[in-house]
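Student: I have a structure to read and I'm not sure where to start. Could you walk me through it?

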Amino acid sequence: MNIDDAGIPRPSSDDPVVSAGLEVAMKWGAALGGPEQLKVAFEALEPQLKREHQLRLKQLDSQREAARQAADDARAAAERRARDAREQRQHTFRMASLYAGVAVSVAMLGAGVFVAKDVWWLATLLCGPSLIALVKIFVLRRSDAGDVRSVSRAARGATNAAAQAQPPLPPVP
């Protein structure tokens, strides 16, 4: 069987793709014994094609799921890196505050001890509640109203005591 036997008009010669496709279809039809057998063969082939289509759909779904999972994993990893970097910065800040608090404490204690025998009221300011308040600010990064009141009360007491204990002015010659 060929195109001429089937009674199908021959396609125009200027379209070789359509012509070649039609010839292949006619050869398949002739090999199976005619259009009825070709229809039966296609009907038998249809379930297999449906199964293959369903398999391809499942493969595409699994690929999409894998891509979504990879994107979720990448997002989680980025969030974890950002959290780790933030925690590292916070740790560095806390340690710097601790070192600054230690330095301020040692400096104030040293200065208080150094000036204690000459200017005792300054030593009480340096080693008293103001030392505790500054260390609390540097190390704990907070300040309460009670701290400020105790520092002002100690400063007021020290200045009052210093004013009362001033030696008399030397006579003017």
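Tutor: Happy to. Let's begin with a term: a residue is buried if its relative accessible area is under 20%, exposed if over 50%, and partly exposed in between. Take D72: its relative accessible area is 24%, so D72 is partly exposed. Bear in mind that this is a predicted model.

Student: Okay, that works for one residue. What share of the 173 residues of the protein chain counts as buried?

Tutor: The share is 13%. As for the surface, the protein chain has an accessible area of about 13,300 Å², and carbon and sulfur atoms own 64% of that.

Student: Now the fold. How many helices and how many strands are there in the protein chain?

Tutor: Six helices and zero strands. Read from the N terminus, the order is α-α-α-α-α-α. We'll spend a lot of time on helix 3, which covers residues 35–115.

Student: Back to D72, then. Which residues does D72 meet in salt bridges?

Tutor: First the general idea: side chains of opposite charge can pair when their charged atoms come close. The cut-off here is a Lys or Arg side-chain nitrogen within 4 Å of an Asp or Glu carboxyl oxygen. D72 pairs with R68 at 2.7 Å, N to O. D72 also pairs with R75, where the closest N and O atoms are 2.8 Å apart. Through shared partners, salt bridges link E65, R68, D72 and R75 into one network.

Student: Why are R68 and D72 separated by about one helical turn?

Tutor: Because they sit four residues apart in helix 3. D72 and R75 are three residues apart in helix 3, again about one turn.

Student: Are the two arginines buried, or partly exposed?

Tutor: R68 has a relative accessible area of 41%, so R68 is partly exposed. R75 comes to 46%, so R75 is partly exposed too.

Student: How many salt bridges does the count come to?

Tutor: Six. One of them joins K50 and E46, at 3.8 Å from N to O. These two are four residues apart in helix 3, so about one helical turn separates them. E46 is partly exposed, because its relative accessible area is 40%.

Student: Let's try the inside. How do I read a nonpolar core?

Tutor: In soluble globular proteins, nonpolar side chains tend to be buried together. Here the largest nonpolar core has five residues: M108, V115, A123, L126 and L131. Helix 3 and helix 4, the latter at 120–127, are the elements that each give two or more residues to this core.

Student: What is V115 in contact with, leaving aside neighbours within four places in sequence?

Tutor: W120, L122, A123 and L126. Two of those names, A123 and L126, you just met in the core.

Student: And what comes between helix 3 and helix 4?

Tutor: A loop, and A116 lies in it. A116 has a relative accessible area of 36%, so A116 is partly exposed. A116 and C127 are eleven residues apart in sequence, with their C-alpha atoms 9.8 Å apart in space.

Student: Is S105 buried or exposed?

Tutor: S105 is at 14% relative accessibility, so S105 counts as buried. A polar atom of its side chain lies 2.7 Å from the backbone oxygen of G101. Setting aside neighbours within four places in sequence, S105 is in contact with L131 and V135. L131 also belongs to the core we looked at.

Student: Could we do another serine in helix 3?

Tutor: Try S97, which is in helix 3. S97 is at 9% relative accessibility and so counts as buried. Not counting residues up to four places away in sequence, S97 touches F138, V139 and R141.

Student: Which residues make the nonpolar surface patch of about 390 Å²?

Tutor: L98, Y99, V102 and V106. Y99 is in helix 3, and its relative accessible area of 55% is why Y99 is called exposed.

Student: One last number. Among contacts in the protein chain with a separation of 6 or more, what part comes from residues 24 or more positions apart?

Tutor: That part is 42%.

Conventions. Residues are numbered from 1 along each chain as its sequence is written. This is a predicted model: local features need pLDDT of at least 70, side-chain atom pairs count only at pLDDT 80 or more; totals for chains, interfaces and linings use all residues. Side-chain values use heavy atoms; hydrogens and water are left out. Buried means under 20% relative accessible area, exposed over 50%, partly exposed in between (1.4 Å probe, protein chains only). A polar contact is a pair of N or O atoms within 3.5 Å; within protein, one must be able to donate a hydrogen and the other to accept it, and residues adjacent in sequence count only if both atoms are side-chain atoms. Contact means heavy atoms within 4.5 Å. Patches are made of residues with over 30% relative accessible area and no salt bridge: like charges are joined within 9 Å, nonpolar side chains (Val, Leu, Ile, Met, Phe, Trp, Tyr) within 5 Å. Accessible areas come from the Shrake-Rupley method with a 1.4 Å probe; for residues, only the protein chains shown count as cover. A nonpolar core is a set of buried Ala, Val, Leu, Ile, Met, Phe, Trp, Tyr and Cys residues joined through side-chain atoms within 4.5 Å.
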